[in-house]
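Here is a short tour of a few local features, best read with the structure open beside the text. Please keep the viewer at hand as we go.

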Amino acid sequence: MPDIARSLGEFDLGHLEIVASLWGVELQAGEMRQVIASLASALLHPELVHEMLGLLPEAARRALVDVYKAGGRMPWSLFTRRYGQVREMGAGRRDRERPHLNPVSPAEALWYRALVARAFFDTPAGPQEFAFIPADLVEFLPFPEGEGEEPLGRPAQPAERTRQYLVGDAILDDACTLLAALRLRMPVEALASCWSAPTVSPYPLTPAFLKTLLSASGLLDAQDLPQAEPTRRFLVAGRGEALAGLVQAWLGSREFDELRLLPGLSLEGEWSNDPLATRRTILSFLAGLPNGVWWSLRAFVEAIRRLHPDFQRPAGDYDSWYIRDVHSREFLRGFKHWERIDGALLRFAISGPLHWLGLVDLAGPSGREAIQAFRLSGWSNALLNGSPVEDLEEEDQPLQASSNGWLRLSRLSSRSIRYQIARLCEWGKLEGKVYRYRVTANALERAGQQALRASHLLALLRKHAPLTPPVLAKALERWEEHGSQARLERMVVLRVNSPEILQALKASRAARFLGDPLGPAAIAVRAGAWEKVLETLAELGYLGEVELDG
């Protein structure tokens, strides 16, 4: 049975009479099956189809072209949202109101002409309702191949791309920093002073974002601790290979869910989305843009809202996803919040992960950090195909050690060596492109809890530093043998005018609050006990004054 006959079979006789009248053909009498077959046969003539298209209102013709260019079918929710409703009415109301003569929308005009039908089709997300053009009718549509195609947006204007933020590989340096911090169980909030990724508003790469990516890359275990062998392979890999590995892990990850990472939103309830399918769809949008051309971000997002609004929504569902605005506490349900959720996701994906991973360059107006333009980077083709970027710098800079215990490593020092140094030393502030670490007893004690010894640090220095200061080497050797040989500590000191006052205090009930003597008229006071000592002195007839920093 012809496809159009199957779609006509959904209608009653009165609806078939409407279709026949609009096409200017005579409806044959007989059994329903014969009526449908004869009407379908009458409609499938090129001349009649061309004549019908010539009589269509322009808006209805444009709607038909868009469905045609979408492969002959479009989700029903998108079709009616874009081209208006098709009113539901029974035969009696239809015969009274005669909607085919005064359609309320382009969609309704196509519906009563049987140019568009409605049915469920199987999709990867399950059955979904579509508006579709009957397949045998498609053959007679005279639309040229390019008709209906629209670019997703437009090239960026010069003012939108004055200030440019080109891609870089700083994510590799921050990954090394974060892996070491996680291994030491340091709070990620403490990493601000040694974070190297440039801050590009509104979505800078943060430790929290990067931790999610490292987990998705298989570098972290269930407790967010680095897994030894995957971490080793990542750190010893060349920079181009390591970056390609992160990109490939992100491309195939369902764990890295951009929607759930989107700032300002709280996702609640038991519903689920498919971040992998969404990511692939966004990349397919980008693949259609001209290479090397700066593109307007606003126009790109607006084009997707018009042409592909349901890119992450199965069956165009805007009601069952419980998403709350964290500031207003309002639930964002319905298509009216598309810009706040779906549009924001597109902006985040482009200005966030795609930029962090070296796939997209960004740009904005002069003197502002707002992102208004983007383009696929020169690295994108290689990275998306799993190939290393070939022009990245080598990690060949040596470790620099000073006799005062400070160690310095360039961002182009080995990430593997820096990871080990970071586990054995106290962390200093990042200075430009130089990471600073200090050898201290506290850090060596902490390293000892992870089965690392001073001899490990000394071996690293002797192997990777051009010169290991003898005094630093000797200090590490002494620590290995004896542990700490000096201690700095804070204390409260009591000074009195005469030894007699001190003797009286030692003989009082405050004696238990006193520490080591520091001379005939001075003594240490135990932490937190200075108020008790002052009270006792007052009872002995002496008033004291307090000078404490902070």
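Which residue in β9 is the bridge partner of Leu 362? The partner is Phe 374. Since this is a predicted model, please read everything here in that light.

**The sheet**

That bridge belongs to a wider pairing: strand β8, residues 360-364, runs antiparallel to strand β9, residues 373-376, over 4 bridges. Both strands sit within an open sheet of 4 strands, where the order is β4-β8-β9-β6 and the pairing is antiparallel. At the edges are β4 (163-165) and β6 (295-296), each of which pairs on one side only.

**A histidine and a valine**

Now to two single residues, set side by side in the table.

| Residue | Location | Relative accessible area | Class |
|---|---|---|---|
| His 337 | loop between β7 (322-325) and α17 (338-351) | 12% | buried |
| Val 493 | strand β14 (residues 492-495) | 34% | partly exposed |

His 337 counts as buried because its relative accessible area of 12% falls under the 20% cut-off. Apart from neighbours within four places in sequence, the contacts of His 337 are Glu 330, Phe 331 and Leu 332.

Val 493 is partly exposed because its relative accessibility of 34% lies between the limits of 20% and 50%. On the surface, Val 493 joins Met 491 and Leu 518 in a nonpolar patch, and together these residues have about 250 Å² of accessible area.

Note on methods:
Residues are numbered from 1 along each chain as its sequence is written. This is a predicted model: local features need pLDDT of at least 70, side-chain atom pairs count only at pLDDT 80 or more; totals for chains, interfaces and linings use all residues. Side-chain values use heavy atoms; hydrogens and water are left out. Helices (H or I, at least four residues) and strands (E, at least two) are DSSP runs, numbered from the N terminus. Buried means under 20% relative accessible area, exposed over 50%, partly exposed in between (1.4 Å probe, protein chains only). Contact means heavy atoms within 4.5 Å. Two strands pair if DSSP finds at least two bridges between them. Patches are made of residues with over 30% relative accessible area and no salt bridge: like charges are joined within 9 Å, nonpolar side chains (Val, Leu, Ile, Met, Phe, Trp, Tyr) within 5 Å. Accessible areas come from the Shrake-Rupley method with a 1.4 Å probe; for residues, only the protein chains shown count as cover. A salt bridge is a side-chain nitrogen of Lys or Arg within 4 Å of a carboxyl oxygen of Asp or Glu.
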